[in-house]
Structure formats: C-alpha cells, structure tokens
Amino acid sequence: MKPTLPKGTRDFAPHQVLKREHIFAIIKRVFSSYGYAPIETPAMESLSSLMGKYGEEGDKLLFKVLNNGDFLAKADEGAMKDRNSDKVVTSISKRGLRYDLTVPFARFVAMHRNDLQFPFKRYQIQPVWRADRPQKGRYQEFYQCDADVIGSDALIYESEFIQIFDTVFAELGLEVKIRYNHRQILLGVAQYAGVEDQFVEMTTTLDKLDKIGEQGVLQELDYRGISNDSGVKILELIQETDSAIFEQKVGSTEAGKQGFEEINRVKSYLSHVELKNTLTLDPTLARGLSYYTGTIFEVESTETPMGSIAAGGRYADLTSLFGLPDMSGVGISFGAERIYDVMETLERFPQDVSNTLTALILPMDEESIDTCMHLARKLRDHNVSTDVYPGPAKMKKMMKYANSRAVPHVIIIGEDEIKSGQYMLKRMVTGDQVSLNLQELIESLVG
C-alpha cells in the first residue's frame, strides 16, 4: 500500500515541530503573563453544538463523524431515497470535529458556569478541522491559538489584547501592522451615507475591497441595491486620509459617536504604553460582523504578503447559544500556520531552535560503552540533554551523524579516557578540543 495523507493535512518533522513549539511557547508565555489560564476541549463536539453556528457555508465545511457500529441501521431511509444529504447526515452522525475554538469555548463556559469566576480569562491552543479547499496558508487541519475574556464589557481588555499582539510579534521578531475598527464606526459610515438599512450589504462588500478594488466594490454595491452615488460617498469616506476629518464626519452620527468614544477610551488606556509595532484605525476593516459587536482587530505582516496572521474582536452574547445570555466578551486568535510560514519565509527562527541535543558521546570501542552510559546519566542529572552513539564505528561516520543532528558538543571516550578520567570534549562550531575531568565537563556544558 502506498502511504498517503488526507488532503489539507501535513506531517511535521522534528525540526518543524520544534519551530512550531517555539511559536506556541512565546504565545503561551505572553498569554500567561496577562493572567489567562489554559483550558482544553475535546476534538469532537456534538453536531447539535456545531451546526448553525457558522452559517450555511460553515455547516458544509464541518467534518462529521459517523455513529459507532452499524450507522446505517438508523439512517433516514426516505432521505437516502431522496438523496437528501443533510437529512441523511443527521441520522447517521451525531458528532463532528471542532471547526474552531470559539463555539467549544462558549459551550465550556455554559456547562461550567458555576465553577468559573467572572470575568473568566482563558487561552486555548489546539487543532481544528475544516473541509476547506487547501491552498497556501490554508489547511484542513490546523492549530488555533485563542485567548478570550468573558463576563465583562470593560474596554481595558481591548487595550490588553493590543499589547498582547504587540508583545508576541515583537518576541517572534516580526514587524506587523495592528489594524482595528469598530462596528459602530462602520454603522456610522452607513448612517452618514444614508444606507443604514443596507448595513450588512455595505460591510460584506467593503470586506472585499483589497481583493476586488474600488470599481469592484462599486459594482457589487450597485448589485446589492446601493446606488453609485452612495457607493462613491462610502469609499471617499473610508479612504479619507485625514483622521480628524473622518472622525468629525462619522462622529456626527449617533452610531459613529459611540464607536469613537469607545476606541478613544481604548487608546487612552494605551497612552502609557510604547508599542513596538504600528497601530492604526482602518475604516475598511469589516470582518466578522455577523458576531462582532464592538472593536474589531486584524494583524498583518508588513514584511511579506500573507493576509491576516491574527485577528479578533468584541462580541455581546456568545454563550446565549447554550442558554447563558448576557455574557459580553472579547477575544483574539493567532494564526499559527501562517505565522510559521511568515517566519520561514523571512528566516526569523533562532538558529538553535531545532537543537534539542547538547552533547553526543562517542564510544571508541565496546569496552567504553558502559562508561559512556554512566557519563550520560551524570550529564542528564544536571539537565544536559545527552545521547550516546549506539556502538563503536569509524570516526568519520560518527562525526557525520553528529553533524546531521547539529550537535554542538561531542565527547570522545576510549581506553585512555577511562584510565585517566579525562574526557575529550570537541566543540563542533569552532573545532576546538579540550581534555576535562568530570566536574569540569559538567560545568562546561551546564554553563
């Protein structure tokens, strides 16, 4: 049988796993520094928890899990005869792989409400699955790195997430632009242009501006029933380069005034913070408005094209889906796969990130193996990651193996070393060799 992988999935070799763990470790550390605690949820959720939460297109992208045993025994025969896929699926499948971490989080909060202290701050780094068409930066199995705070409408958390974005990407060595907007500012644009009743049509189209351009936006707005005059007015407004004029015009509307009051408060909380990356209001940012009710975030690399590498926003009532209403929250998500691709493209991973081994011990003969094993144990007791070559071989072969594993130190042990208690340590980068006793060797490798 020829070994294959399901489309949209990948194997990760050791050096790739270590690079990914480098990303996860930084994200986890920053999340923890702001008081976010980790949770985990199952790979599978009840289909009833997942269906209808992501829209019609999202439902089609859910991976369904067949019922155990003879799943056809209780299949809807009428639906099968009519070739009604939706009804057939509901009769043969009760579970599905999670599509994101947000809906499972809402379910978790609703189920554990009596055990949690609100506001509840959590982070979650786990894989999700989507039956999407694989392409560059998009896979069917991928990791999400989410953080949310739920149970508070305090705007300090928006400022906190901006700082988290800034800190994570600075520690990863990436330069990014943190873009933000507010649902009420977009509604203010609609009110100013006289198309408030067509808010959804306007924002859905504006979200495509970077893909279809101005003419494409005007054509689609016209197709959706928004006149060319209103379309031109909308585009001129959101592309206004003078931020004061933009705020004056949009802030003259009821919705726009509320939106600017909130984002200006968020900015005031950041007045004492020196951000390392660019923070900018982007009136064209119109993502996620089917569920975001306040501030919206999106982060993109300024060094290589990749699209969004992190995003988030404020939501008003996520947990009401599971019978727990009036729980305002705000959350963000880092796109680990795209961040990895950006760091690979820009060669930003530390050179030693894939080095898990500090020392490799080479036995010169069979009699040396016991001493090698004893020395390895001593080094490991001092937290020095150590491996032993499995048996004596030609020096050229053993050194080639050491180089292939990028080992920084090689320890050579033969009859002379055993008699003298002095071990030959070779530093692979410089080629230097020194003879050290056990204590000196430990100190050299630990230090």
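Which residue forms a salt bridge with Arg20, and how far apart are the closest N and O atoms? I shall answer that after a few words on the model.

Good morning, colleagues. This is a predicted model, in which local features need pLDDT of at least 70 and side-chain atom pairs count only at pLDDT 80 or more, while totals for chains, interfaces and linings use all residues. Residues are numbered from 1 along each chain as its sequence is written, and side-chain values use heavy atoms, with hydrogens and water left out.

Let me begin with the overall form. The protein contains 18 helices and 16 strands; helices (H or I, at least four residues) and strands (E, at least two) are DSSP runs, numbered from the N terminus. The C-alpha trace spans about 90 × 65 × 45 Å along its principal axes. The radius of gyration of the protein is 28 Å, whereas a compact globule of 447 residues would have one near 22 Å. That quantity is taken over C-alpha atoms, and the globule rule is 2.2 Å times the number of residues to the power 0.38.

Of the 447 residues, 46% count as buried. Buried means under 20% relative accessible area, exposed over 50%, and partly exposed in between, with a 1.4 Å probe and protein chains only. The exposed surface amounts to about 23,300 Å², and carbon and sulfur atoms supply 48% of it; accessible areas come from the Shrake-Rupley method with a 1.4 Å probe, and for residues only the protein chains shown count as cover. Among contacts with a separation of 6 or more, 69% are between residues 24 or more positions apart, a contact being heavy atoms within 4.5 Å.

I return to the opening question. Arg20 forms a salt bridge with Glu337, and the closest N and O atoms are 2.7 Å apart. Arg20 belongs to helix α1 (residues 14-33) and Glu337 to helix α14 (residues 336-346), so this pair ties together parts that are 317 residues apart in sequence. By salt bridge I mean a side-chain nitrogen of Lys or Arg within 4 Å of a carboxyl oxygen of Asp or Glu. Are the two partners buried or exposed? Arg20 counts as buried because its relative accessibility is 7%, and Glu337 is likewise buried, at 5%.

The structure holds 19 salt bridges. In another of these, the side chains of Asp148 and Arg122 meet at 2.7 Å, N to O. Asp148 sits in strand β6 and Arg122 in strand β5 (residues 120-129), 26 residues apart, so that pair too links distant parts of the chain. Both Asp148 and Arg122 are buried.

A third pair joins Glu303 and Arg348, at 2.8 Å from N to O. Glu303 lies in the loop between β9 (295-301) and β10, and Arg348 in the loop between α14 and β12 (359-363), so parts 45 residues apart in sequence are tied together. Glu303 is partly exposed, with a relative accessible area of 28%, and Arg348 is partly exposed at 30%. In addition, salt bridges that share partners join Arg179, Asp282, Arg287, Glu298 and Glu300 into one network.

I turn now to the strands. Which strands pair with β11? Seven bridges join strand β6 (residues 141-150) to β11 in an antiparallel arrangement, and strand β10 (residues 308-315) pairs with β11 over six bridges, also in the antiparallel sense. Strands are said to pair if DSSP finds at least two bridges between them. Within β11, Ile332 is the bridge partner of Ala147, and Gly331 is that of Gly313. Strand β11 (residues 329-335) is mostly covered, with five of its seven residues buried.

A separate open sheet of three strands has the order β2-β4-β3, with antiparallel pairing. Here β2 (44-46) and β3 (64-65) stand at the edges, each with a single partner strand, so one side of each is left without a neighbour in the sheet. Between β2 and strand β4 (residues 95-97) there are three bridges, and Glu45 stands opposite Gly96 in β4.

Two further points remain. A search of the whole structure finds zero disulfides, a disulfide being a pair of cysteine sulfur atoms within 2.5 Å. Cys145 counts as buried at 0% relative accessibility, and Cys372 is buried with a relative accessible area of 0%.

Finally, Arg83 is found in the loop between α4 (77-81) and α5 (85-92). Arg83 counts as exposed, at 74% relative accessibility. The C-alpha atoms of Arg83 and Lys28 are separated by 47 Å, these residues being 55 apart along the chain.
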